[in-house]
Amino acid sequence: MVHRKIQHLSCALILLSLLPLTTRARPFVLVLSPDDLSDPAAAPNYLAAAADDVADFDDFPDSESKPDSILDPGSWSPLFEPDPSFKSPNPNDDDEAIYYNGVSKMVEASSRGEFGIMEEAASEIEAAAALGQPHGQSVMGFFYSMGIGRERNEGKAFLHHHFAAQGGNMQSKMALAYTYYRQEMHDKAVKLYAELAEVAVNSFLISKDSPVIEPIRIHNGAEENKEALRKSRGEEDEDFQILEYQAQKGNAGAMYKIGIFYYFGLRGVRRDHAKALRWFSKAVEKGEPRSMELLGEIYARGAGVERNYSKALEWLTLASRQQLYSAYNGMGYLYVKGYGVEKKNYTKAKEYFEKAAKNEEAGGFYNLGVMYLKGLGVKRDLKIATGYFAHAANAGQPKAFYQLAKMFHTGVGLKKNLQMATALYKLVAERGPWSSLSRWALESYLKGDIGKAFLLYSRMAEIGYEVAQSNAAWILDKYEEHSMCMGESGLCTDAERHQRAHALWWKASEQGNEHAALLIGDAYYYGRGTERDFDRAAEAYMHAKSQSNAQAMFNLGYMHEHGQGLPLDLHLAKRYYDQALEVDPAAKLPVSLALGSLWIRRNYANSFLVDMIDSLPEVYPKVEDWVENVILEEGNATILTLLACLFTVLFLRDRQRRQPVAPNLAPPEPMMPAGRLQF
C-alpha cells in the first residue's frame, strides 16, 4: 500500500514545503517534477553507476549524544552551559587557555560596554591565533568581519576563517560556506555545507524528528515580539511553573512535557538530561507512552546514562504497544544495525518502518527511503527512495532534506543541481550544535544584558543565520548606544552603528526578510546611515515587493507618481497602489488618499492643488516638530488641556442658558364617561 503510494508520488508533481518555521522570513518551497528525476534509460549501466555513487551515502549512522565541545570544537558553551564532562584547558596548552580567557573577556566587555576590556580580549585571542590556534583564528575573523577593535576588513576576515576551517573550526566553515553562498559560488559552498549538514544530521534522534530549537525573532517589524519572548523565559515563565506544579501533583502528561523541555532545551529552559531522565522515569510509572519512547532514545544514544541497546529496545517496544507508531522507527533502527538484538534483520526492520509510514510518521518514510537507496533487504530503487524522501521532507523531516540535498549534489536519483543542493544543505546545517548561540543570545536578552545578546547574535549573523542578522540589526536600531556595539576604536559611533545595521539588514533581505528589504529601501530613500539614492531605494523596494510587502508596493507607487528613482508614470503608480490594497486591506485609508492625489494630479496638472500636495512632505515635518516641541511640551500641554476644558464648560453653559425652557403644563384629565364612578 505504502509502496504503491510512493511509486505514484514519485511520478507526479511533488510539492515540498520545507518550512524551518521561524528561522527564515518566508517559507522555503521546493518543487520537484518528473523532469528532476534521473532517467535510468539514459545510460545502460545506470544501476551499476548508481550503486557506486550510492556507496557514498550514509547508511544508518550511529546516533550518539555528544556535548557541543566535541561536535563544535572551540564552542563558547563552557562559558554559557558549563558541562561537567568538559575538561578545562590544560595549563600547559597555552594557546587553548589563552583562547578561552580571551573569549571570556570579550563576553564581559560586551556585557559591560567597556572597550578597554575588549582590547585586552582581542590581544589575547590574537596571541592564540598567532600560535596557530584555529579557534582563536576564527574569532579574529569575526573581529575583522564586524570591525570590532579592528578596521573592518572582509579580506582579512576570510583569511582567518580559511585557516580556522582548515584547523577544524566548524563555525568558520559555516562563515566560509555562507560567504560562498552569497557570491553564488555553489561548487565551493556545497562542499562545506554538506560536511556541516552531516554533523547536524548525526546529532538527530533515531526514532522521530526532534523538536528543533529554532532561533526566536525578538522583534515583529519595528516592535518587540512580546508574545514570543514571553514564551521563552524558561523556568521563570508562569506557564512552565504551572506545568511543573501539575507534574509534581502526579499529572503524567505534565511530567512528559517538563521532561521534553529539559531534554531538548525548549522555551528558554536549559538542557539538563539528568532532570529529563527523572521526569520521564516518573511519567512511565504512570504509563505515559511518549516518555517510554524518549527513554528508549536516551538509552540508545547514551544521553546522560550509559548506553544500553537492550533497555532501549525494551522501552521502544513498550511504547509501540501503546499505539505510539513513531517508536517503530527506533525499533527498526536497532534491527538494521543489529543493536540489542541477536543479529541484523532487514526484513523485520522494513516491517517496523512500514508500520510507522502507514500511520503517516515522517521517520517511517525516511527510513524506508534509506533502505531502497542502499538496497538493504530490498532491491535498490532510486525512484522509490526519492519518493519516500519527498514524502518525509513534506512532513518536515530534516534527515530527508539532507538525503535530497545529497541527491541533487551527486546527481543520483535526481538531476544534479548544486544551487538546490546548497540551499537544502544550508537548511540542515543551521540546525547543528552551533545553533546554541541563539539560545544563549535569547537568555541574555531576556535578562536585560543587551550587549551580550548583541555580540552573540552578531556571531550568528556572520555565519549566515537570517534571524540573527535581523535581530542584531534591530537591537542596533532600537537600543542605539545602549546596544554596547563595539567599533574600531571604542563604542560604535553613530556612523559605525548605522553602517553595521545597514549591512545586517541587507544580508537579511538577501535571505528573504521583507521587513529588512523595506528598511534598506527607507535608508536609501531618506539617507539614513548612507547617501541618499532613489535608484537603490527603488531596487530594495522592488525586492520587498517581490515578497508581497504592501508597504513596498505603496512606496513604489509613490516613487512612480513623483518620478523619484523610477519613471514618472501615473498609470503604474495607480497599479502599485491598487496592489498594496489587495495585499493588505488595512491600507485602505493611505491608498484612498494616494488615489485622490493621483486624481488631482491627472485632472488639475500644474495647478496650485498639485503644488500644495507636493509641498506636504516638507510641511509635515515642520508641523510635527511644532506639535512635539510646543503643543506636547509638558507645561504647555497641561495649560492647553485646562483651557480646552474651560472653553468646553463655558460653551455648554452658554448653550444651556440660550435654550428656551418649555412651560410645565399639566396634561388635562380625561373626561369620565357618564354613569361611571371615579375612585
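**View 1. Overall content of the predicted protein chain.** The protein chain holds 33 helices and four strands, and the model shown here is predicted. Of the 679 residues in the protein chain, 49% count as buried, while the accessible surface comes to about 33500 Å², with 52% of that area belonging to carbon and sulfur atoms. Among the contacts with a separation of 6 or more, 59% join residues that lie 24 or more positions apart.

**View 2. The largest nonpolar core.** This core contains 168 residues, and those touching the most other members are W76, M106, F143, Y193, F280, Y425 and Y457. Helix α10, which spans residues 186-201, supplies the largest share of the core, with 10 residues.

**View 3. Surroundings of Y425.** When residues up to four places away in sequence are not counted, Y425 touches V190, Y193, A194 and A197, and, in addition, Y402, A405, K406 and H409. Both Y425 and its contact Y193 are listed among the core members that touch the most others.

**View 4. A second, separate core.** Apart from the largest nonpolar core, a set of nine residues forms a second core, and its members include M553, A573, A587 and L598.

**View 5. The disulfide of C485 and C492.** The structure holds one disulfide, formed by C485 and C492, whose sulfur atoms are 2.0 Å apart. The torsion about the S-S bond is about -50 degrees, and the disulfide is therefore left-handed. With a relative accessible area of 3%, C485 is buried, and C492 is likewise buried, with a relative accessible area of 10%.

Note on methods:
Residues are numbered from 1 along each chain as its sequence is written. This is a predicted model: local features need pLDDT of at least 70, side-chain atom pairs count only at pLDDT 80 or more; totals for chains, interfaces and linings use all residues. Side-chain values use heavy atoms; hydrogens and water are left out. Helices (H or I, at least four residues) and strands (E, at least two) are DSSP runs, numbered from the N terminus. Buried means under 20% relative accessible area, exposed over 50%, partly exposed in between (1.4 Å probe, protein chains only). Contact means heavy atoms within 4.5 Å. Accessible areas come from the Shrake-Rupley method with a 1.4 Å probe; for residues, only the protein chains shown count as cover. A nonpolar core is a set of buried Ala, Val, Leu, Ile, Met, Phe, Trp, Tyr and Cys residues joined through side-chain atoms within 4.5 Å. A disulfide is a pair of cysteine sulfur atoms within 2.5 Å.
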